[in-house]
Amino acid sequence: MKILKKILKFILALIGLICIAVLIILWVDALGTDYLNITKNDPTANNSYVITNANIIPMNQDTVLVNKMVYIKDGIINNIADTMAVKGVEVFDAKHKFLTPGLIDMHVHVWDRYELGLYLSNGVTTVRNLWGMPMHLRIKEEVINEQIFSPTFITTGPKLTGTAFIGDDNVNLTNVAEAKEKIIGYKNRGYDLIKTYYGLDKDLFDAVIEQAKISEMDIVAHPSQKVPFSYHLNPQIKSIEHAEEIVQQPLKFDLDTTKLQTIINAISKSKHTRYSPTLTVFNNIYQMMLNDSILESESMGYMNPLIKKVDSNKQFDRWFNAKQNDTAVVGNIKNQHDFHSIIVQKLHEAGVDIICGTDAGIGITLPGFAIHNELNFYKEAGLSNYEVLKTATVNASKTHEIMTAMGTIEPGKIANLLVVEKNPLLNLATLKKPIYVFINGRKLYRKTLDGFNEKAIQRQNLMATAIRYLEHLIIE
């Protein structure tokens with residue numbers, strides 16, 4: 001009996017030590033991102049301004065509103081005019097620079113708070129996180145309560161899959177009742193959207209769609225190969241992800257533009273459907289094949305260290321081995337990427353709303369930085385600069401009702417804004433380093449934004465990320 005008590009005491013002491021270690025690791029990680037905290041007595045806490053001498057890119061029309069004034073009141077655009085008199089509000093002179101809506105990345109995977117600063121530094125003022133975990137609910141609450149500088153944060157729940165698609169990153173649904181129960185639970189916990197993934201058969205998919213409608217939760221679909229592609233045009237599904245899924249599923253890797261047009265026509269008839277091509281993440285497979293030392297590049301320091309150690313290395317090894325076994329793979333990947341560009345072109349010509357998403361946060365796709373690559377790919381696909389910008393502003397804002405106050409510069413819209421040196425309708429590259437970023441009306445200087453980058457590069461929070469991921473596995 002005494003031995004049993006000693007063993008029990010040892011186990012309890014060990015558990016206690018582990019808990020203390022976990023708390024210390026998370027506390028140190030939280031200290032590392034305290035630069036994002038909104039301090040009420042700091043000038044950056046001010047969210048009311050009169051902006052003068054601004055050349056506005058409103059994004060509700062293809063034009064520039066020259067030399068305007070904008071009144072931001074409590075984080076909301078109150079008025080736009082040639083002249084106005086507002087007392088007791090700080091004046092900010094835009095010095096005839098260009099004022100544009102903040103960018104929206106509709107497909108990201110956030111792993112820590114450092115990445116929030118990386119998005120802001122790159123002009124991304126809203127993110128749609130598509131792999132929900134408990135930590136994302138905490139970030140969302142901090143953003144809503146205006147405790148931290150962050151893009152507007154929208155998140156799905158965990159990824160819903162069928163029984164065959166096994167992996168610790170998936171919630172494997174086994175029956176209809178479980179599917180409905182999960183969605184009800186995600187709604188109650190505070191997730192905004194539902195993410196469907198591979199392996200959902202007809203019965204499970206029907207249950208997800210039915211309950212999502214009842215629970216008033218939009219669905220974001222990574223297409224399931226267990227149902228026809230047309231199944232994803234259901235009105236409850238607001239966006240379909242990845243151009244490569246068109247190649248892999250309905251086309252069965254046949255890069256045939258005639259067959260493609262039939263699929264594009266079907267999508268175009270579904271007026272509620274928006275498409276997020278995520279060309280960048282697939283192109284990065286090609287980049288990994290071209291550069292054997294890509295994981296050692298300086299820019300990879302912006303990736304979360306756990307993801308870099310696990311996912312980035314896993315993807316690199318997969319494609320490195322593939323090209324060793326078959327040299328034709330490199331050309332095949334390049335051809336498929338080029339075909340994805342044709343998909344974007346055809347979707348655009350058919351009137352389908354394209355929404356900009358990058359799949360940032362996995363592989364070698366950098367948080368924040370990747371959106372500029374994605375926008376350039378749309379430009380290469382034949383879209384004008386205005387049409388390219390629509391994918392990351394007004395098109396994105398029309399996807400979900402919770403996003404309608406974003407995407408344009410108009411009275412009543414959230415003051416998520418960028419001040420850039422040149423006219424982005426003529427020069428997209430000017431968006432890469434905004435001079436100022438307004439987030440909910442709060443003004444961040446370029447020096448501050450550069451500081452966000454410096455804090456995030458080569459960060460040492462592998463263990464903290466692992467703990468948060470373990471929490472996700474326990475509480476899915």
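Contact here means heavy atoms within 4.5 Å. With that cut-off in hand, a convenient place to enter this predicted model is Ile38, in the loop between α1 and β1 (49-56). Leaving aside its neighbours within four places in sequence, Ile38 is in contact with Ala45, Glu146, Gln147, Ile148, Phe149 and Arg442. One of these partners, Ile148, is 110 residues away in sequence, yet the two C-alpha atoms are 5.1 Å apart in space. The relative accessibility of Ile38 is 12%, so this residue counts as buried.

The helix that comes before this loop offers a view of the surface. Helix α1 spans residues 2-32 and includes Ile11. Ile11 is partly exposed, with a relative accessible area of 40%. Together with Ile3, Ile7, Leu8, Leu12 and Ile15, Ile11 makes a nonpolar surface patch of about 590 Å². As background, an α-helix has 3.6 residues a turn, so residues three or four places apart point the same way.

Helix α2 gives a view of the interior. Eight of the eight residues of this helix (residues 114-121) are buried, so α2 is largely enclosed by the rest of the structure. The buried residues are Tyr114, Glu115, Leu116, Gly117, Leu118, Tyr119, Leu120 and Ser121. After the helix comes Gly123, with a positive phi near 85°.

Charged side chains in and around α2 are also worth following. The structure holds 20 salt bridges. In one of them, the side chains of Arg113 and Glu142 meet at 2.9 Å, N to O. Arg113 sits in the loop between β6 (103-108) and α2, while Glu142 belongs to helix α3, so the bridge ties together parts that are 29 residues apart in sequence. Arg113 has a relative accessible area of 19% and is therefore buried, the cut-off being under 20%. A salt bridge with a longer reach along the chain joins the side chains of Glu115 and Arg459, at 3.5 Å, N to O. This pair links distant parts of the chain, with Glu115 in helix α2 and Arg459 in the loop between α14 (446-456) and α15, 344 residues apart. Glu115 and Arg459 are both buried. Asp112 joins these two residues in a network of salt bridges. Elsewhere, the side chains of Lys413 and Glu410 form a salt bridge of 3.5 Å, N to O. Lys413 is buried, with a relative accessible area of 14%, whereas Glu410 is partly exposed at 27%.

Strand β7 contains a further charged residue, Arg128. At 0% relative accessibility, Arg128 counts as buried. Not counting residues up to four places away in sequence, Arg128 touches Asp105, Met106, His107, Val108, Ile154, Leu193, Val220, Ser239, Glu241, Ile355, Thr399 and His400.

Aromatic side chains add another set of links, with 14 aromatic pairs in the structure. Trp131 and Tyr469 form an edge-to-face pair, at 6.3 Å centre to centre and with 85° between the planes. Here too the partners come from distant parts of the chain: Trp131 lies in the loop between β7 (124-129) and α3 (134-144), Tyr469 lies in helix α15 (residues 462-474), and 338 residues separate them. Trp131 and Tyr469 are both buried. Phe316 and Phe320 form a stacked pair, at 5.8 Å centre to centre and with 20° between the planes. These two residues are four residues apart in helix α9 (residues 305-325), and are therefore separated by about one helical turn. Phe316 counts as buried at 11% relative accessibility, whereas Phe320 counts as partly exposed at 29%. Ring pairs also link Tyr49, Phe92, Tyr436, Phe438 and Tyr445 into a cluster.

Charge and aromatic rings come together at Lys159. This lysine lies over the face of Trp131, at 4.1 Å from the ring centre. Lys159 also lies over the face of Tyr197, at 4.4 Å from the ring centre. Trp131 thus takes part in both kinds of arrangement, pairing edge-to-face with Tyr469 and carrying Lys159 over its face.

Technical notes: Residues numbered from 1 in each chain as written. Predicted model: local features only at pLDDT ≥ 70, side-chain atom pairs only at ≥ 80, totals over all residues. Heavy atoms only, no water. Buried < 20%, exposed > 50% of the residue type's maximum accessible area, 1.4 Å probe, protein only. Phe/Tyr/Trp six-rings, centres within 6.5 Å; stacked < 30°, edge-to-face > 60°. Lys NZ or Arg CZ within 6 Å of the ring centre and 35° of its normal. Patch = residues over 30% accessible without salt bridge, like charges linked within 9 Å, V, L, I, M, F, W, Y side chains within 5 Å. Areas by Shrake-Rupley, 256 points an atom, 1.4 Å probe, with all protein chains shown as cover. Salt bridge = Lys/Arg side-chain N within 4 Å of Asp/Glu carboxyl O.
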